[in-house]
Amino acid sequence: MNSSVVIIKKYSKGFQKKPLFVIVGKSVLKKSTDRNLVKRRIRAIMAKFIKEGRNDYAVIIKKGVLEKKYGELKENIESAIKYGRTIS
């Protein structure tokens, strides 16, 4: 999904060592507490997709993610995966 704050890359099962990678750079969020908060939110949202076990995902966070509320972020990510708006 190429939105303003998240890019989701989908890989075939077993491509990565872990089923989910969340990448938040220091240039995106300076404080480690903010980076960790975003990672926890993304892991919670992606948990049901990981349990399905069909694919592995890498989620790249861009600037502006903290302005989005949890509900908005969840809707955007779920619709992107459901309707295939991911980068393969």
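Here are a few friendly notes on strand β3 and its neighbours.

1. This is a predicted model, in which local features need pLDDT of at least 70, side-chain atom pairs count only at pLDDT 80 or more, and totals for chains, interfaces and linings use all residues. Residues are numbered from 1 along each chain as its sequence is written, and side-chain values use heavy atoms, leaving out hydrogens and water.

2. Start with strand β3, residues 55–61 (strands are DSSP runs of E, at least two residues; helices are runs of H or I, at least four; both are numbered from the N terminus). Six of its seven residues are buried, so β3 is largely enclosed by the rest of the structure. Buried means under 20% relative accessible area, exposed over 50%, and partly exposed in between, with a 1.4 Å probe and protein chains only.

3. Strand β1 (residues 6–12) runs antiparallel to β3, joined by seven bridges; DSSP must find at least two bridges for strands to pair. Here tyrosine 11 stands opposite aspartate 56.

4. Strand β2 (residues 20–23) runs parallel to β3, with four bridges between them. Phenylalanine 21 faces alanine 58 across this pairing, and valine 22 stands opposite valine 59.

5. Now look along β2: Leu20 and Val22 point to one face and are buried, whereas Phe21 and Ile23 point to the other and are not.
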